[in-house]
Amino acid sequence: MRFRDTRLDAQHAALSYATFRADWASVTYRACETAREFAIMLRSRGWDGELTPCPSCEYAAPRARRAS
């Protein structure tokens with residue numbers, strides 16, 4: 001499996017594709033941080049979406065207050 005991943009990474013690099021690998025611990029214990037890193041990678045490749053953090057996320061940017 002690892003050989004196949006390494007080979008695929010090399011093929012993707014030759015085509016200027018991005019490879020983002022997240023292991024079980026990254027998704028389970030650091031989900032918000034991993035999602036933020038993934039969003040940064042997507043933005044660097046042209047994505048103009050917005051990451052929506054979970055309510056308790058330590059990586060959430062302070063939200064602007066709306067004028068009432």
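## Two aromatic pairs

Let's start out on the surface: Tyr29 is exposed, with a relative accessible area of 62%. This is a predicted model, so read everything here with that in mind. There are two aromatic pairs in the structure, and Tyr29 belongs to one of them, with Trp24 as its partner. The two rings meet edge-to-face, with 5.5 Å from centre to centre and 85 degrees between the planes. Trp24 is exposed too, at a relative accessible area of 60%.

The other pair is Phe20 with Phe38, again edge-to-face. Here the ring centres are 5.0 Å apart and the planes make an angle of 75 degrees. What does this pair tie together? Phe20 sits in the loop between helix H1 (2–14) and H2, while Phe38 is in helix H3, so the pair links parts that are 18 residues apart in sequence. As for solvent, Phe20 counts as partly exposed at 30% relative accessibility, and Phe38 is partly exposed as well, with 35%.

## Helix H3

Phe38 brings us to its helix. H3 runs over residues 31–44, which makes 14 residues. From first C-alpha to last it reaches 20 Å, close to the 20 Å expected at 1.5 Å a residue.

Which residues of H3 are buried? They are Thr34, Ala39 and Met41. These three cover an arc of only 160 degrees around the axis, which puts them on the same side of H3. What they pack against is helix H2 (24–28). Just after H3 ends, Gly46 takes a positive phi of about 110 degrees.

## Two cysteines, no disulfide

If you're wondering about Cys32 and Cys54, how many disulfides does the whole structure hold? A full search turns up zero. Cys32 is in no disulfide, and its nearest cysteine sulfur, that of Cys54, is 3.4 Å away. The cut-off for calling a disulfide is a sulfur pair within 2.5 Å, which is why a pair at 3.4 Å isn't counted. For background, a disulfide is a covalent bond between the sulfur atoms of two cysteines.

Looking from the other end, Cys54 is in no disulfide either, and the sulfur of Cys32 is the nearest cysteine sulfur to its own. How open to solvent are they? Cys32 is partly exposed, with a relative accessible area of 28%, and Cys54 also counts as partly exposed, at 33% relative accessibility.

Notes. Residues are numbered from 1 along each chain as its sequence is written. This is a predicted model: local features need pLDDT of at least 70, side-chain atom pairs count only at pLDDT 80 or more; totals for chains, interfaces and linings use all residues. Side-chain values use heavy atoms; hydrogens and water are left out. Helices (H or I, at least four residues) and strands (E, at least two) are DSSP runs, numbered from the N terminus. The expected span of a helix is 1.5 Å times one less than its number of residues. Buried means under 20% relative accessible area, exposed over 50%, partly exposed in between (1.4 Å probe, protein chains only). The arc is that of the directions from the helix axis to the C-beta atoms. Contact means heavy atoms within 4.5 Å. Rings of Phe, Tyr and Trp (its six-membered ring) pair if their centres lie within 6.5 Å; planes under 30 degrees apart count as stacked, over 60 as edge-to-face and the rest as tilted.
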